[in-house]
Amino acid sequence: MSDSAPVLRDLFDRPIFIVSTPRSGSTLLFETLAQAPDLFTTGDESHRLIESIPELIPALRGWDSNRLTAEDAAPVVAAHLARMFYGRLCDRDGRPADERVRMLEKTPKNALRVPFFDAIWSDSLFVYLYRDPRQTLASMIRAWQSGRFRTYPRLPGWRGPDWSLLLVPGWRELNGLPVPEIAARQWTTTTNILIDDLSALPKERVRVIDYDAFVRAPHDALQTLAPALGLGWDRTLPPVLPPSRMTLTAPGADKWRDLEPEIDAVLPLVEEADRRSREFAARLARPA
């Protein structure tokens with residue numbers, strides 16, 4: 001093992017990873033929670049940072065998927081990742097990290113990488129953001145159609161519209177499907193993997209927050225979440241948060257109804273995974 005690997009990892013104290021299906025409102029939660037004092041972030045999603053490490057480049061892994069497990073967390077990879085993260089961290093006032101820090105990280109593909117980060121930082125905490133799949137699917141469909149969320153526009157073997165959002169295991173089986181069904185299967189695959197991975201962790205290392213509850217009362221939600229993560233909270237949030245930088249159209253709880261026929265057609269594909277995710281959230285919310 002490289003001597004630098006444990007040293008670099010030790011610069012991170014209980015790093016926090018927000019994980020959810022794509023388009024679940026994780027950017028809004030990230031931008032809000034990043035206002036906590038003494039919390040450090042890279043300021044953005046870390047797609048390029050993570051996928052610039054040779055061992056993690058999808059093209060060099062046979063375009064399998066964005067899935068990463070403990071087997072991918074080799075010491076050299078862990079050291080490289082820790083070095084790159086640390087060099088980009090700043091607090092809410094723009095001050096760079098210069099000692100041991102609490103890091104907040106949010107990249108949608110990390111929903112497929114929980115075991116990977118767990119292997120690198122065994123004290124890491126994961127915040128699972130749950131959102132009604134009807135709302136999420138509507139946003140995913142719009143993301144595919146907008147062309148703004150293309151992650152792999154020249155994906156070998158893919159014959160559909162430019163690949164958008166995270167690359168799930170089994171993506172080749174989605175060739176030829178309409179966008180609403182692609183999005184539904186993306187959501188289901190991601191949710192099942194995420195619930196399996198989070199369920200394998202000790203309960204005390206996972207927090208759950210409901211998107212609707214968060215946007216309905218953001219200040220109350222952060223006053224609960226921040227202490228649960230071992231963070232302070234010294235700001236008063238407005239009753240209505242401004243849209244996140246990833247918002248495509250004006251937010252609204254019923255905005256998904258613009259695509260209601262398309263969503264109704266694919267809801268059977270997500271029902272079982274949604275049941276699992278709601279039961280998982282309920283178990284974590286239940287007092288010991």
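Let's start inside the protein: Ser20, Thr21, Ser24, Tyr128, Leu129, Tyr130, Arg131, Trp187 and Thr191 form the lining of the second largest cavity. Keep in mind that this is a predicted model. The volume of this second largest cavity comes to about 40 Å³. Strand E4 (125–130) and H7 each put at least two residues into its lining, and E4 is the top contributor, with 3 residues. Sort the lining by class and you get 4 nonpolar, 4 polar and 1 charged.

Two of those lining residues, Trp187 and Thr191, are a handy lead into the helix packing, as both also turn up on the H7 side of the contact between H7 and H10. The axes of these two helices come within 9 Å and cross at roughly 10°. Angles under 35 degrees count as roughly parallel, so H7 and H10 get that label. Their crossing is left-handed. On the H7 side, look for Pro180, Glu181, Ala184, Arg185, Trp187, Thr188, Thr191, Asn192, Ile195, Asp196, Leu198 and Ser199. Facing them from H10 are Glu262, Val266, Leu269, Val270, Ala273, Asp274, Arg276, Ser277, Phe280 and Arg283. It's quite a mix of classes, with 10 nonpolar, 5 polar and 7 charged residues.

Now bring in H6, which spans residues 133–146. H6 packs against H7 (residues 179–199) at an angle of about 125°, with the axes 9 Å apart. That angle makes H6 oblique to H7, and the crossing is right-handed. From H6, the contact uses Pro133, Thr136, Leu137, Met140, Ile141 and Trp144. H7 answers with Val179, Pro180, Ile182, Ala183, Ala184, Gln186 and Trp187. There's no charged residue in this contact of H6 with H7, which breaks down into 11 nonpolar and 2 polar. Trp187 is worth a second look here: it belongs to the H6 contact, to the H10 contact and to the lining of the second largest cavity.

H6 also meets H10 (residues 260–285), and their axes come within 10 Å and cross at roughly 125°. These two are therefore oblique to each other, and H6 passes H10 in a right-handed crossing. Pro133, Arg134, Leu137, Ala138 and Ile141 do the job for H6, while Ile263, Val266, Leu267, Val270 and Asp274 do it for H10. By class, that's 8 nonpolar, no polar and 2 charged residues. Follow individual side chains and you'll see how the three helices tie together: Pro133, Leu137 and Ile141 of H6 touch H7 and also appear in the contact with H10. On H10, Val266, Val270 and Asp274 meet H6 and are likewise among the residues that meet H7.

H10 has one more role in this tour, at the second largest pocket, where about 370 Å³ of space lies. Of the 19 residues that line this pocket, Arg207, Val208, Ile209, Asp210 and Ala285 are the closest to its centre. Strand E7 (206–210), helix H9 (218–228) and H10 are the elements that give two or more residues to the lining. The lining residues split into 13 nonpolar, 1 polar and 5 charged.

Finally, back to enclosed space. Rolling a probe the size of a water molecule over the atoms shows where empty space is left. Searching the whole structure turns up 2 cavities of 30 Å³ or more. We began with the second largest; the largest holds about 50 Å³ of space. Its lining is made of Ile50, Glu51, Leu56, Pro58, Arg61, Ser65, Asn66, Leu68 and Arg113. Here the classes come out as 4 nonpolar, 2 polar and 3 charged, next to the 4 nonpolar, 4 polar and 1 charged around the second largest cavity.

Methods: Residues numbered from 1 in each chain as written. Predicted model: local features only at pLDDT ≥ 70, side-chain atom pairs only at ≥ 80, totals over all residues. Heavy atoms only, no water. Axes fitted to C-alpha atoms, helices over the stretch in contact; angles between N-to-C directions. Helix = DSSP H or I, 4+ residues; strand = E, 2+ residues; numbered from the N terminus. Parallel < 35°, antiparallel > 145°, perpendicular 65-115°, else oblique. Left-handed = near helix turned anticlockwise from the far one by under 90°. Contact = heavy atoms within 4.5 Å. Nonpolar A, V, L, I, M, F, W, Y, C, P; charged D, E, K, R; others polar. 1 Å grid on protein atoms, 1.4 Å probe; cavity = no way out; pocket = protein on both sides within 12 Å on 5 of 7 lines; lining within 4 Å. Points joined across faces, edges and corners; volume = space filled by probe spheres on them.
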